[in-house]
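Dear colleague,

I am passing on the structure we spoke about, and I would be glad if you could look through it alongside the notes in this message.

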Amino acid sequence: MRKEKKTVEKQIQKTGGTWEAFRMAFPYTIPVLTGYLFIGFAFGVMFQNKGYNFIWAGIMSVLVYAGSGQYLAVNFFVPGYSLLQMVFLEFMVNIRHIFYGLSMLERFQNMGKKRLYMIFSLTDETYSLLCLTHIPKGVDESKFLFFLALLDHSYWILGSILGAAAGSAVPFNAQGIDFAMTALFVVIFLEQWLTSSSHMPAYIGVGSTLACLLVFGSGNFILPSMVCIMTLLLLHREKMQAMI
């Protein structure tokens, strides 16, 4: 009887720990919820305008989950693009995720099986939350981080399905709707600027991007600017950590 009681108590504690991590993670994801529902909706409308229904929009958001990459991919569903062009353009747009992943290697190291999903779900917005959010006291860190990522992913899936479904029911003019992604990036930048005690990363990011844009041009500046930003951040890592 005592052993059974202890087993039940452990199960309750384990469930409670998971629920507590979910409950504590949700409020931090509300800004992403509002953003992802809108830009996911916009993606769904664009996707539906190419002749695909909400089921395919949901499948793409589950398996691909790359906001700007999915926006770009919509333009590939027309004749004239080769497979090599698609791969190269998607790589250039999403190459920043390589640097996101490198900076999270240590943090994901002890997350067990969750690590694979955390790597897959590392979008711009989720990365921002992982960097800025402090783990609440008494909450399991791996579960808390996992739910931050999972909730963000679910918002994007829901938004894309709703957008595609609405697009099939009501005619939409999708011209200019892809600006929603750019607007979200601006909001994320402003939020980080207002909440961060040090603006050095922002200066490095903006300065490096503008310099590479002037030197390499609008068609080739993404990769050099990412390398430049990562190099400068690593060189000034200790200084920036001291400012936090």
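Below is what was found, beginning with one pair of helices and then turning to the nonpolar cores. Please keep in mind throughout that this is a predicted model.

Helix H3 (residues 67–74) and helix H4 (residues 83–94) have axes that come within 9 Å and cross at roughly 155°; angles over 145 degrees count as roughly antiparallel, and the two helices are therefore roughly antiparallel to each other. The crossing in which H3 passes H4 is right-handed. On the H3 side the contact is made by Ser68, Gly69, Leu72 and Ala73, which meet Leu89, Glu90, Val93 and Asn94 of H4, and the residues of this contact divide into 4 nonpolar, 3 polar and 1 charged. H3 is mostly covered, with 7 of its 8 residues buried, and among these are Ser68, Gly69 and Ala73, as well as Tyr71 and Val74.

The largest nonpolar core has 38 residues, and within it Met118 and Leu130 touch the most other members. Two or more residues of this core come from each of helix H1 (2–49), helix H2 (54–63), H3, helix H7 (114–120), helix H8 (124–132) and helix H9 (141–169). Leaving aside residues up to four places away in sequence, Leu130 touches Met104, Arg107, Phe108, Met118, Leu122, Leu145 and Leu148. Apart from the largest core there is another, of 7 residues, which includes Ile95, Ile204, Met226 and Met230.

With best regards

Note on methods
Residues are numbered from 1 along each chain as its sequence is written. This is a predicted model: local features need pLDDT of at least 70, side-chain atom pairs count only at pLDDT 80 or more; totals for chains, interfaces and linings use all residues. Side-chain values use heavy atoms; hydrogens and water are left out. Axes are lines fitted to C-alpha atoms, for helices over the stretch in contact, and angles run from 0 to 180 degrees between N-to-C directions. Helices (H or I, at least four residues) and strands (E, at least two) are DSSP runs, numbered from the N terminus. Angles under 35 degrees count as roughly parallel, over 145 as roughly antiparallel, 65 to 115 as roughly perpendicular and the rest as oblique. A crossing is left-handed if the near helix is turned anticlockwise from the far one by less than a right angle, and right-handed if clockwise. Contact means heavy atoms within 4.5 Å. Ala, Val, Leu, Ile, Met, Phe, Trp, Tyr, Cys and Pro count as nonpolar, Asp, Glu, Lys and Arg as charged, and the others, Gly among them, as polar. A nonpolar core is a set of buried Ala, Val, Leu, Ile, Met, Phe, Trp, Tyr and Cys residues joined through side-chain atoms within 4.5 Å. Buried means under 20% relative accessible area, exposed over 50%, partly exposed in between (1.4 Å probe, protein chains only).
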